[in-house]
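Dear colleague,

Please find below the structure that I am handing over to you, followed by a summary of the findings. I would be grateful if you read the two side by side.

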Amino acid sequence: MTQPIIEFENVVKRFGPVTVLDRLNFSVQPGEKVTIIGPSGSGKSTVLRILMTLETIDDGIVRVEGEPLWHEESGGELKPAGEAHLRHMREKLGMVFQNFNLFPHMTVRRNLTEAPRTVLGLPKAEANDRAEELLDMVGLVDQADKFPGQLSGGQQQRVGIARALAMRPKVMLFDEPTSALDPELVGDVLNVIRQLAEEHDLTMLLVTHEMRFAREISDRILFFDGGTICEEGTPATIFGEPKQERTREFLKAVLDNG
Ligand SMILES: Nc1ncnc2c1ncn2[C@@H]1O[C@H](COP(=O)(O)OP(=O)(O)OP(=O)(O)O)[C@@H](O)[C@H]1O
């Protein structure tokens with residue numbers, strides 16, 4: 001087995017008195033497409049937010065490409081990471097948010113070129129070429145001069161995906177990317193994610209309530225419950241013959257409503 005690109009080792013996350021992640025352990029291999037499913041409040045989004053350094057951890061260790069995310073090694077010991085380390089680690093990851101989180105006062109093109117220029121120091125022409133290529137990929141090359149507010153939710157989310165990709169991350173995190181969309185706009189966004197999964201060796205970690213989609217694109221499914229992984233396996237196992245009663249109950253409830 002190669003070195004995992006993501007590792008959570010006994011990770012604990014608390015919000016006040018509530019333990020959201022309870023000594024969570026899992027790892028993701030490079031290029032793997034892994035989907036986290038589970039009931040509301042089970043800590044799925046928190047896992048992605050920790051990886052994106054938007055939430056701290058209370059205990060345990062998170063590694064990206066074998067390097068501690070929230071810690072730095074100093075004299076053989078791990079100490080809390082400083083801002084420079086976090087910035088360096090953050091560049092390995094791109095995140096697509098439920099509510100798009102685009103910069104509303106910037107054009108679509110500028111949304112894609114801003115971070116490559118300011119963070120990666122890309123020259124303007126190169127950043128523009130990269131933006132053009134990505135907008136072409138998500139089918140929005142003709143919308144480059146518009147502002148996010150002039151686009152539909154589905155178009156905004158496709159810009160969100162292109163914006164994350166513009167930083168050439170090694171891992172893409174998707175946090176319920178279609179749950180804020182009107183049903184008729186979901187398909188185009190899923191098609192873009194599907195294409196990414198099929199054509200690139202990007203590592204993908206996805207949180208979604210779209211069970212059919214999860215089954216189709218994932219190499220592995222993690223079923224979260226109560227801040228730990230209750231069951232994991234291939235889509236065929238988790239959806240076809242789940243072993244845990246809790247998984248069966250959850251899937252029955254969501255598939256009956258779906
Ligand atoms: N900033 C915060 N402050 C306090 N509690 C929080 C915060 N963020 C999340 N929580 C709580 O942590 C728990 C896990 O949240 P999280 O968003 O990770 O769940 P989830 O599994 O993604 O749920 P959903 O499917 O509803 O999005 C929830 O009980 C939530 O209310």
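A polar contact is a pair of N or O atoms within 3.5 Å. Please bear in mind that the model is predicted.

With that cut-off in hand, I begin with the ligand. A polar side-chain atom of Glu-176 is placed 3.0 Å from an oxygen atom of the ligand. For Thr-46, a polar side-chain atom lies 2.5 Å from a ligand oxygen atom. Gly-41 takes part through its backbone, with an N or O atom 2.8 Å from an oxygen atom of the ligand. The ligand taken alone exposes 640 Å², and the protein buries 58% of that area.

The residues around the ligand include Phe-15, Val-20, Pro-39, Lys-44 and His-209, as well as the three residues named above. By class, this shell comprises three nonpolar, seven polar and two charged residues. Helix H1, which covers residues 44–51, gives the most to the shell, namely three residues.

The second topic is Thr-113. This residue is found in helix H3, which spans residues 108–118. Is Thr-113 buried or exposed? Its relative accessibility is 6%, and buried means under 20%, so Thr-113 counts as buried. If neighbours within four places in sequence are left aside, Thr-113 is in contact with Ala-127, Asn-128 and Ala-131.

Yours sincerely

Conventions: Residues are numbered from 1 along each chain as its sequence is written. This is a predicted model: local features need pLDDT of at least 70, side-chain atom pairs count only at pLDDT 80 or more; totals for chains, interfaces and linings use all residues. Side-chain values use heavy atoms; hydrogens and water are left out. Helices (H or I, at least four residues) and strands (E, at least two) are DSSP runs, numbered from the N terminus. Buried means under 20% relative accessible area, exposed over 50%, partly exposed in between (1.4 Å probe, protein chains only). Contact means heavy atoms within 4.5 Å. A residue is near a molecule or strand if one of its heavy atoms lies within 4 Å of it. A polar contact is a pair of N or O atoms within 3.5 Å; within protein, one must be able to donate a hydrogen and the other to accept it, and residues adjacent in sequence count only if both atoms are side-chain atoms. Accessible areas come from the Shrake-Rupley method with a 1.4 Å probe; for residues, only the protein chains shown count as cover. Ala, Val, Leu, Ile, Met, Phe, Trp, Tyr, Cys and Pro count as nonpolar, Asp, Glu, Lys and Arg as charged, and the others, Gly among them, as polar.
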